[in-house]
Amino acid sequence: MFQTGPPGLPEGGGVRISRAERRVFGESSELATDPSLRPYLTDMVGAYGLALRDPVFEAAAGHSYGEMAEPLIEAMVDADTPVDLLVLAHGIHDVRLGRSTATYLSSRCPGNPLAFAVCDQGVAAPFSALRAVHAYAVTGGCRRALLLVAEQSALHYEPAGPARVPDRHAAVAFLLEPAAGAAPLDVRQRAVDPGRVREVLAAELAELLPGGGPGATVILGSDLADVADLANLAGLTGLPAIAAADEVVVAPAGQPCTGVWWELAARLPVGDEHGRQVVVAEYDPVLGYLCTTTSPGAGAVPGPAPVGARGAA
């Protein structure tokens, strides 16, 4: 088996989001009608005693991540600004099975970047992908990277456990470049017991959002909707620095993987223009992972916070 990873060079720098694009795809992909889809999935899930969902096949529902990602790549990357790394993050399966979609997208992307996918991590997948991008960027060997977060709205088999199927086909793309003296993205992931999510998130936000300044936007995943009242969070921990956040957005429950990133893409220009921080927070109740990332606004001062994994809490 071929394995790859970032070269072991000294750490330094980091990445920032320089541009974002988002799209909704209203129609199903023609690949959803591929006659090989049913026997392929029969072989894949039959060994686990899972049944196929006939109505989904009959409706020819589903979309290809390759077809969803290609127009985003065309809109964001050109021959003058190629990328060195492409990472695709998704939660639900693709309808173009049997193909390495990330590798295919590399052939469609200027720069023919190193490409791979991050999946089977629920809503934590895009955060893990950002950490992977950072690991490559700090070596100095990755000048520019593209993160693609996508989800299609058809699950063709009965899941073995809890599974949230998206309401629509959607994809979000982020162009990542060296921070170059500005504050880099701060990505954190940690295992947190469900009963401690409010407490741990409150402390995390207090650390990420310093008092004063131009304020900040906090984007919460739908599983954190019950902690959207930051006043209660501040009272819980006694940390008034959380008051620096003057906009709180809860992503729609119907887009488990792309929801917070869709909202982030919409707010990045505001952050850049006014120097506002944008903090994204997600919690995966199945895996028990609390994930956050901070996109500092233009002019933000670099901080010492590391990018990477945190221990269990």
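Where is the place of L287? I looked this up first in the predicted model and found L287 in the loop between β9 and β10 (289-295).

**Entry: surface patch**

I noted that V286, L287 and Y289 make a nonpolar surface patch of about 270 Å². I then checked the accessibility of L287, which is 37% in relative terms, so the residue counts as partly exposed.

**Entry: the chain as a whole**

I recorded 8 helices and 11 strands as the secondary structure of the chain. Of its 313 residues, 49% count as buried. I looked up the exposed area as well: the chain exposes about 13700 Å², and carbon and sulfur atoms supply 52% of it. For the contacts with a separation of 6 or more, I found that 81% are accounted for by residues 24 or more positions apart.

**Entry: nonpolar cores**

Which residues touch the most other members of the largest nonpolar core? I found L147, F174, L176, W261 and L264 in that role, within a core of 36 residues. I then listed the elements that each supply at least two residues of this core: β1 (15-25), β2 (85-90), α5 (125-137), β4 (145-151), β5 (169-178), α8 (259-274) and β9 (277-284). Helix α5 gives the most to this core, with 7 residues.

I followed W261 further. Leaving aside neighbours within four places in sequence, W261 is in contact with P126, F127, L130, V149, V172, F174 and T293. Apart from the largest core I noted another, of 29 residues, which includes L37, L52, F57 and L148.

**Entry: cysteines**

How many disulfides does the count come to? I recorded 0 disulfides. I also looked up two cysteines. C109 has 3% relative accessibility and therefore counts as buried, the cut-off being under 20%. C257 likewise counts as buried, at 3% relative accessibility.

**Entry: salt bridges**

I recorded a count of 14 salt bridges. As background, side chains of opposite charge can pair when their charged atoms come close.

I took the pair of E177 and R144 to begin with. These residues form a salt bridge in which the closest N and O atoms are 3.0 Å apart. E177 belongs to strand β5 and R144 to the loop between α5 and β4, so that the pair links distant parts of the chain, 33 residues apart. Are E177 and R144 buried or exposed? I found E177 buried, and R144 buried as well.

I turned next to R164 and D223, whose closest N and O atoms are 2.6 Å apart in a salt bridge. Here too distant parts of the chain are linked, 59 residues apart: R164 lies in the loop between β4 and β5, and D223 in the loop between β7 (216-220) and α7 (230-237). R164 is partly exposed, with a relative accessible area of 38%. D223 is also partly exposed, with a relative accessible area of 28%.

I then examined R188 and E207, whose side chains meet in a salt bridge at 3.2 Å, N to O. R188 lies in strand β6 (residues 186-191) and E207 in helix α6 (residues 197-208), so the pair ties together parts that are 19 residues apart in sequence. At 1% relative accessibility, I counted R188 as buried. I noted further that R188 and E207 belong to a network of salt bridges that links D186, R188, R190, E204 and E207.

**Entry: the loop between α4 and β3**

I located G111 in the loop between α4 (101-107) and β3 (114-118). Its relative accessibility is 48%, so G111 counts as partly exposed. Not counting residues up to four places away in sequence, G111 touches P82 and V83. I also looked up its separation from D84: the two are 27 residues apart in sequence, yet 6.3 Å apart in space, C-alpha to C-alpha.

N112 is found in the loop between α4 and β3 too. I recorded a positive phi of about 40° for N112, although it is not a glycine. N112 is exposed, with a relative accessible area of 56%.

**Entry: a further positive phi**

Most residues other than glycine have a negative phi. I noted that D120, a residue other than glycine, has a positive phi near 60°. I placed D120 in the loop between β3 and α5. With a relative accessible area of 70%, D120 is exposed, because the cut-off is over 50%.

Terms used
Residues numbered from 1 in each chain as written. Predicted model: local features only at pLDDT ≥ 70, side-chain atom pairs only at ≥ 80, totals over all residues. Heavy atoms only, no water. Core = buried A, V, L, I, M, F, W, Y, C linked by side-chain atoms within 4.5 Å. Buried < 20%, exposed > 50% of the residue type's maximum accessible area, 1.4 Å probe, protein only. Helix = DSSP H or I, 4+ residues; strand = E, 2+ residues; numbered from the N terminus. Contact = heavy atoms within 4.5 Å. Disulfide = S-S within 2.5 Å. Patch = residues over 30% accessible without salt bridge, like charges linked within 9 Å, V, L, I, M, F, W, Y side chains within 5 Å. Areas by Shrake-Rupley, 256 points an atom, 1.4 Å probe, with all protein chains shown as cover. Salt bridge = Lys/Arg side-chain N within 4 Å of Asp/Glu carboxyl O.
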